[in-house]
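Reader: I should like to understand how charged side chains pair in a protein model. Where should one begin?

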Amino acid sequence: MSYNNDQIYANPQSANPFKFDQKVAAVFPDMIKRSVPGYENIIHNIQQLASQYIAMNSNGYDLGCSLGAASLAMSHGNQQTGVKIIAVDNSAAMIERCATNIDGFKHQTPIELIQADIQQIEINNASMVVLNYTLQFIPQALRLKVLQQIYRGMRAGGMLLLSEKIIFSDDTINRLMIELHHQFKRENGYSELEISQKRNALETVLVPETMSNHIQRLQNIGFAHVSCYQQQLNFASFIAIKS
Ligand code: GEK
């Protein structure tokens with residue numbers, strides 16, 4: 001299956017909220033690389049962390065899997081037997097393309113694809129859970145419940161990896177980070193029109209929180225060890241380990 005350049009917002013269009021539809025799924029690898037600083041590094045880290053954290057006879061979860069980049073990284077990193085990777089996304093277009101994408105790669109650990117809302121699925125016997133830029137699309141008031149459900153389904157010693165777009169409580173820093181992120185997108189070939197139309201489309205759909213909100217909530221839920229492990233501009237990844 002071929003993936004094209006992202007030109008979704010290249011021409012003027014009426015304002016509609018962003019959707020993970022066929023058009024987005026068809027350009028997704030290009031879109032995420034050109035839009036999210038540090039994305040490829042995180043996928044590489046997921047493989048390394050999987051080799052350390054995925055335990056024998058357990059499950060790894062990729063929640064909001066899109067085309068399965070993190071699932072494949074977990075599958076490649078896994079060193080244990082009796083492991084299954086469960087990849088979940090509520091977009092039919094993403095799941096359909098994810099299936100073809102995963103088939104196209106040699107990978108050792110079975111990956112099960114589920115089309116579902118991550119708020120509805122049960123997490124069981126999980127030694128590693130990845131929420132790579134997905135929680136930000138869940139309504140803010142419901143995020144605690146999703147994370148609590150994940151925590152309950154995790155084994156002792158299990159790891160949650162959470163990546164998110166973030167905001168800063170200091171207005172000057174916040175504006176600067178947004179501007180630097182737009183500069184990153186310009187350098188990756190996006191025009192002013194594309195940047196501003198995408199920003200408007202995401203406005204009500206992707207709601208970022210501060211780094212301290214994320215860390216505090218993970219600690220309050222009960223994770224024993226919580227830290228940000230990578231930040232590039234207004235994008236951050238956190239690790240949280242259950243004792
Ligand atoms: C990667 N993790 O390449 N339930 C299930 N899936 C959802 C939900 C939900 N409630 N809300 C959004 N999604 C991937 C990248 S993209 C990030 C993740 C981005 C799905 C949505 O359909 C999309 O595929 C994914 O979460 C977010 O590592 O586009 O910024």
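Author: One begins with a definition: a salt bridge is a side-chain nitrogen of Lys or Arg within 4 Å of a carboxyl oxygen of Asp or Glu. The model shown is predicted, so local features need pLDDT of at least 70 and side-chain atom pairs count only at pLDDT 80 or more, while totals for chains, interfaces and linings use all residues. Residues are numbered from 1 along each chain as its sequence is written, and side-chain values use heavy atoms, with hydrogens and water left out.

Reader: How far apart are the closest N and O atoms of Glu112 and Lys84?

Author: Glu112 lies in strand E3 (residues 111-115) and Lys84 in strand E2 (residues 84-89); strands are DSSP runs of E with at least two residues, numbered from the N terminus. The two residues are 28 residues apart in the chain. They form a salt bridge, and the distance between their closest N and O atoms is 2.8 Å.

Reader: Is Glu209 buried or exposed?

Author: Buried means under 20% relative accessible area, exposed over 50%, and partly exposed in between, with a 1.4 Å probe and protein chains only. The relative accessible area of Glu209 is 4%. Glu209 is therefore buried.

Reader: Which residues are linked with Glu209 in a network of salt bridges?

Author: The side chain of Glu209 meets that of Arg143 in a salt bridge of 2.7 Å, N to O. Another salt bridge, of 2.9 Å, joins Glu209 to Arg217. The residues linked with Glu209 in the network are thus Arg143 and Arg217.

Definitions and conventions
Helix = DSSP H or I, 4+ residues; strand = E, 2+ residues; numbered from the N terminus.
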